[in-house]
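Biologist: Please take a close look at the aromatic side chains in this model and at how they sit among the strands. Follow the thread from there to the charged and polar contacts, and keep to what can be computed from the atoms.

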Amino acid sequence: AKEQKDMSTMTEFRFPALIWSLMILSRMVKCDIYGSCGTSPDDRFSIGDDGEFPFCLKFQNAAYFDAQNNNLPLFYYFTSKVDEYTLVALQNSDLLNATHWRSAEGVNIGIQMEAGNVTSPEMFARYDDDSSDRWVFNQLSLVVFLDEGKVTELIWDTGCFACEESHCIEGNCATASDECTQDNACDFSVYISWYGTDANGRYLLSAGQRLSQFQYASAKSYYDYVKNELDTGSVF
């Protein structure tokens, strides 16, 4: 079956690199891959590269089906400047929109990322809990690991570093469906940061800027600021 591919408009926010401390990341169990985006294992990334090689977000349970009614993954392609902390926002991707996503109760939306022919573990982009409350994860964080410029791992940086306990769902900060009252409030977005060495052997530093490296008050303030910007649509 062919995968549904989407080149929808995306917005990127970039921030200068900071000196960072030792990272502690969650390694999740590998799961089935949602298909191939066609990225190449020969891709080699260097600091300052901007758009040289594609990244791909792969969603499970989008409302796309083939002629045999098999559910197809949805692919979003984007680029990111190497070693700049970047927020990639999928404009009008509204994870509660039944036109774009399967909406039956208990149907969760999974997300993976692919780069350099490497696929990340699965993460929830939308989740229905045991009380049938629906949650959207619209500020996830992913670290790209490079070894001499080659992608070796794509790891989700999990944790509730920027939200109240009531909004800590499945190990990440989430937005309740009834809080999605503004345009873009439940669009998907993800922070991209980098760790390791580039194709020229230079060390990558941007992973030190991810939210898990900040104290709770600072992380929450930043999380709330970006959420408000996304809610109002002022970033587009």
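Modeller: Two rings of Phe, Tyr or Trp, with the six-membered ring standing for Trp, are taken as a pair if their centres lie within 6.5 Å; planes over 60 degrees apart make the pair edge-to-face. Under this rule there are eleven aromatic pairs. One of them joins Phe 55 and Trp 194, whose ring centres are 5.7 Å apart and whose planes stand at 85°, an edge-to-face arrangement. Phe 55 belongs to strand β3 (residues 55–60) and Trp 194 to strand β15 (residues 189–197), so this pair ties together parts that are 139 residues apart in sequence. Phe 55 and Trp 194 are both buried. A second example is Phe 59 with Tyr 76, also edge-to-face, at 5.6 Å between centres and 80° between planes. Here strand β3 supplies Phe 59 and strand β4 (residues 74–78) supplies Tyr 76, so the parts tied together are 17 residues apart in sequence. Phe 59 and Tyr 76 are buried as well. Ring pairs also build a cluster, whose members are Phe 45, Phe 53, Phe 55, Phe 78 and Trp 194.

All of this comes from a predicted model, not from an experiment. As for the setting of these rings, the protein chain has 16 strands and one helix. Its length is 236 residues, and 50% of them count as buried. Among contacts in the chain with a separation of 6 or more, 73% are between residues 24 or more positions apart. The chain has an accessible surface of about 10,800 Å², with carbon and sulfur atoms contributing 47%.

Strand β3 leads on to the charged side chains. Side chains of opposite charge can pair when their charged atoms come close. The structure contains four salt bridges. In one of them, Lys 58 pairs with Glu 114, and their closest N and O atoms are 3.0 Å apart. Since Lys 58 lies in strand β3 and Glu 114 in strand β6, this salt bridge ties together parts that are 56 residues apart in sequence. Lys 58 has a relative accessible area of 0% and is therefore buried; Glu 114, at 1%, is buried too.

Another of the salt bridges is formed by Glu 84 and Lys 81, with 3.8 Å between the closest N and O atoms. The relative accessibility of Glu 84 is 23%, so Glu 84 counts as partly exposed. Lys 81, with a relative accessible area of 23%, is likewise partly exposed. The cut-off needed for this reading is that buried means under 20% relative accessible area.

A further salt bridge joins Arg 134 to Asp 128, with the closest N and O atoms 2.7 Å apart. Arg 134 is buried at a relative accessible area of 15%, and Asp 128 is buried at 9%. Two residues of one loop meet this part of the model. The loop between β5 (85–90) and β6 (109–115) holds Asn 108, and Ala 104 lies in the loop between β5 and β6 too. The side chain of Asn 108 comes to 2.8 Å from the backbone nitrogen of Asp 128. Beyond its neighbours within four places in sequence, Asn 108 has contacts with Gln 60, Asn 61, Phe 124, Arg 126, Tyr 127 and Asp 128. With a relative accessibility of 19%, Asn 108 is counted as buried.

Ala 104 touches both partners of that salt bridge, Asp 128 and Arg 134, when residues up to four places away in sequence are not counted. From Ala 104 to Asp 128 the C-alpha distance is 9.9 Å, while the separation in sequence is 24 residues. Ala 104 is partly exposed, at 45% relative accessibility.

Further along the chain is a strand pairing. Strand β10 (residues 140–147) and strand β11 (residues 150–156) run antiparallel and are joined by six bridges. One of the residues involved is Val 143, whose bridge partner in β11 is Ile 155. The hairpin of β10 and β11 has two residues between the strands, and in it Glu 148 takes a positive phi near 55°.

Methods. Residues numbered from 1 in each chain as written. Predicted model: local features only at pLDDT ≥ 70, side-chain atom pairs only at ≥ 80, totals over all residues. Heavy atoms only, no water. Phe/Tyr/Trp six-rings, centres within 6.5 Å; stacked < 30°, edge-to-face > 60°. Helix = DSSP H or I, 4+ residues; strand = E, 2+ residues; numbered from the N terminus. Buried < 20%, exposed > 50% of the residue type's maximum accessible area, 1.4 Å probe, protein only. Contact = heavy atoms within 4.5 Å. Areas by Shrake-Rupley, 256 points an atom, 1.4 Å probe, with all protein chains shown as cover. Polar contact = N/O pair within 3.5 Å; in protein donor to acceptor, adjacent residues only side chain to side chain. Pairing = 2+ DSSP bridges. Salt bridge = Lys/Arg side-chain N within 4 Å of Asp/Glu carboxyl O.
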